[in-house]
Amino acid sequence: MQIITQHGEIFIILACLFGFFMAWGVGANDVANAMGTSVGSKAITIKQAIIIAVIFEFLGAWLAGGEVTATIRGGMLDPVLLESNPQLLVYGMLSALLAAAIWLMIASARGWPVSTTHSIVGAIVGFGAVGLGMEAVAWGKVGQIASSWVVSPLLAGTIGFVLFKSVHHLIFESDDPFAAAKRYVPGYVFLVGFIVAMVTLTKGLSHVGLNLTFGQSLLLSVLIGAGIMGLGLVMQRRIKFEKNASDHFGYVNVERVFGVLMIFTACAMAFAHGSNDVANAVGPLAAVISVVRSDGVIDSAALVPWWVLVLGGAGIVFGLVTYGHKVIATVGTGITELTPSRGFAATLAAATTVVLASGTGLPISTTHTLVGAILGVGLARGMAALNLRVIGTIVMSWLITLPAGAGLAILFFFMFKGMFG
C-alpha cells in the first residue's frame, strides 16, 4: 500500500506513456489489417483509409470500447490473490503494456500482421503465472479467450464465404450484372449499417450514459441502416455504365458499384476494430489508474475514465498514420487478389464477427478474424486463388507472438519490482 501511495503519480504517468505506445502499436499493426482489404482492392486510397480510420477507430474506441476493456483489465487475474500486494498488479500491467508494444513495433517493421490481442493477453498471463504464481491466473477465462481465437477466424471465414457466394449468385451470374449490382448493393449497405448499429446500441453505450431497451435499439438500428442505405443510393446514382471492349460482361462497372460499398464496410471495420482493440491498450492502463486512485484497492468493476478511451483512440490513429503502410501491403495484396466485391465480403464478415465479440466482452483477434475472412473469400474461388507462402509466414508470426509477449513481460515485471521495491 505504502509503495502505491508513495509512487502513485509516477505509476499513472508511466501507464499513460506505455498505454499510448501500445495504442500506437495497435494502430501501426492492427488498423493496417482492418484497412488492408479496402486499400488492396483499390476501392479507397491509403489517404482515404487513414481519414476513415481516424474518425471511426476513435468513435469505436470511445462509444463501444468499454465491455472488452473490463475483461482485459480485471477478468484474467484473480483479484483476491493480489489484495495483499496490489503493487504487483501495477508492475505487471505496466510490464504487459511495454512488452506488447515493443513486440508490435518489431512485427510492424517487418510487415507481419500479428495479433495485438495475443500480445497483451500473452503478456498478462506471462507475468501473472511467473510473477504471482500459476493460481493467480483465471485459466477458465484465458481458455475462453483462447478458444475465441480459433472460433473467430472460422466464423468470419464462413460468413465471408457465404457473402461472396451470395454476391456471385445474385449479381455476377445474372443476365445484366450492372443492373443487378445497382439493385442489390443498397441491401448490403443497409446490412452494414444495421449490424454495427445494433451491436453498438445493445451492448456498448452504457458507459456514455445511454441505456436503451432491446426494442429501442432494434428500431434505431433499422433507422440508421436505412439512413446509410439512402446515402449509398445517392453515391451509387453517380456511377454510369462505361463500355469497355475487353470487358464483355460489364464486370468492371459492377466492381465500381462495389467500390461505393467498400467505403461503408471500411467505416464499419474501423469502428469494429476501435471497439474491440482499444481495450488491449487501455485495459491495463485503466487497471493501474484504478489501483492508484483507490490507494491499493483492486476493483475489477471500476469504470474506465472517458479520457483513457480517448487516449487509446488517439494513439491508435497516430500509429496508423506514422507506420501502418507495411502491414496494409501484406494484408491487402499478399494473401489473395482482392477486388471491391471480394474485399466487401471479407470486410463485412470480419466487422460483423468483431462487433459481436465486442458486445459479449470477448477480446478476439481482429487479425485472425480478418485473415480468416479473406481466406473464406479466397476459398470461394478455389485453393489456387490463395498465396500459401504468405499465409505460412502470417501463421508463423502468430505462433511467435504469445511467447514473445509473455517473455518480455516477465523480464519487465522483475525489472519494475527491483526498481520500486
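**A walk through an all-helix model**

Hi everyone, let's start right inside: M22 touches L97, A100, A101, L104, T116, I120, N280 and A281, leaving aside residues up to four places away in sequence. Please keep in mind that this is a predicted model.

M22 belongs to the largest nonpolar core, which has 71 residues. M22 is also among the residues with the most contacts inside that core, together with F11, M35, L94, I120, V288 and F416. Which helix gives the most to this core? That would be α5, residues 86-110, with 15 residues.

So let's stay with α5 for a moment. This helix has 25 residues and reaches 37 Å from its first C-alpha to its last, close to the 36 Å expected at 1.5 Å a residue. Is α5 mostly enclosed or mostly open? Buried here means under 20% relative accessible area. By that cut-off, 20 of the 25 residues of α5 are buried, so the helix is largely enclosed by the rest of the structure. Just after α5 comes G111, which takes a positive phi of about 80°.

Now let's step back to the whole protein. How many helices and strands are there? You will find 15 helices and zero strands. Of the 421 residues, 60% count as buried. If we take the contacts with a separation of 6 or more, residues 24 or more positions apart account for 85% of them.

Back inside, there is another core, apart from the one with 71 residues. This other core has 43 residues, among them A345, A346, V355 and I374. A345 and A346 bring us to a residue that touches both of them, V377. V377 sits in helix α14, residues 366-379, and is buried, with a relative accessible area of 0%. Besides those two alanines, V377 touches G160, F164 and R342, again not counting residues up to four places away in sequence. Where is V162 relative to V377? The two are 215 residues apart in sequence, and 8.5 Å apart in space, C-alpha to C-alpha.

Let's finish on the outside. The protein exposes about 16300 Å², and carbon and sulfur atoms supply 69% of that area. On this surface there is a nonpolar patch of about 650 Å², made by I51, V54, I55, L59, W62, W306 and V321. Two elements give two or more residues to the patch: α2 (46-64) and α11 (306-323). Helix α2 gives the most, with five residues, and I51 is found in that helix.

Thanks for listening, everyone!

Terms used:
Residues are numbered from 1 along each chain as its sequence is written. This is a predicted model: local features need pLDDT of at least 70, side-chain atom pairs count only at pLDDT 80 or more; totals for chains, interfaces and linings use all residues. Side-chain values use heavy atoms; hydrogens and water are left out. Helices (H or I, at least four residues) and strands (E, at least two) are DSSP runs, numbered from the N terminus. Buried means under 20% relative accessible area, exposed over 50%, partly exposed in between (1.4 Å probe, protein chains only). Contact means heavy atoms within 4.5 Å. Accessible areas come from the Shrake-Rupley method with a 1.4 Å probe; for residues, only the protein chains shown count as cover. Patches are made of residues with over 30% relative accessible area and no salt bridge: like charges are joined within 9 Å, nonpolar side chains (Val, Leu, Ile, Met, Phe, Trp, Tyr) within 5 Å. A salt bridge is a side-chain nitrogen of Lys or Arg within 4 Å of a carboxyl oxygen of Asp or Glu. A nonpolar core is a set of buried Ala, Val, Leu, Ile, Met, Phe, Trp, Tyr and Cys residues joined through side-chain atoms within 4.5 Å. The expected span of a helix is 1.5 Å times one less than its number of residues.
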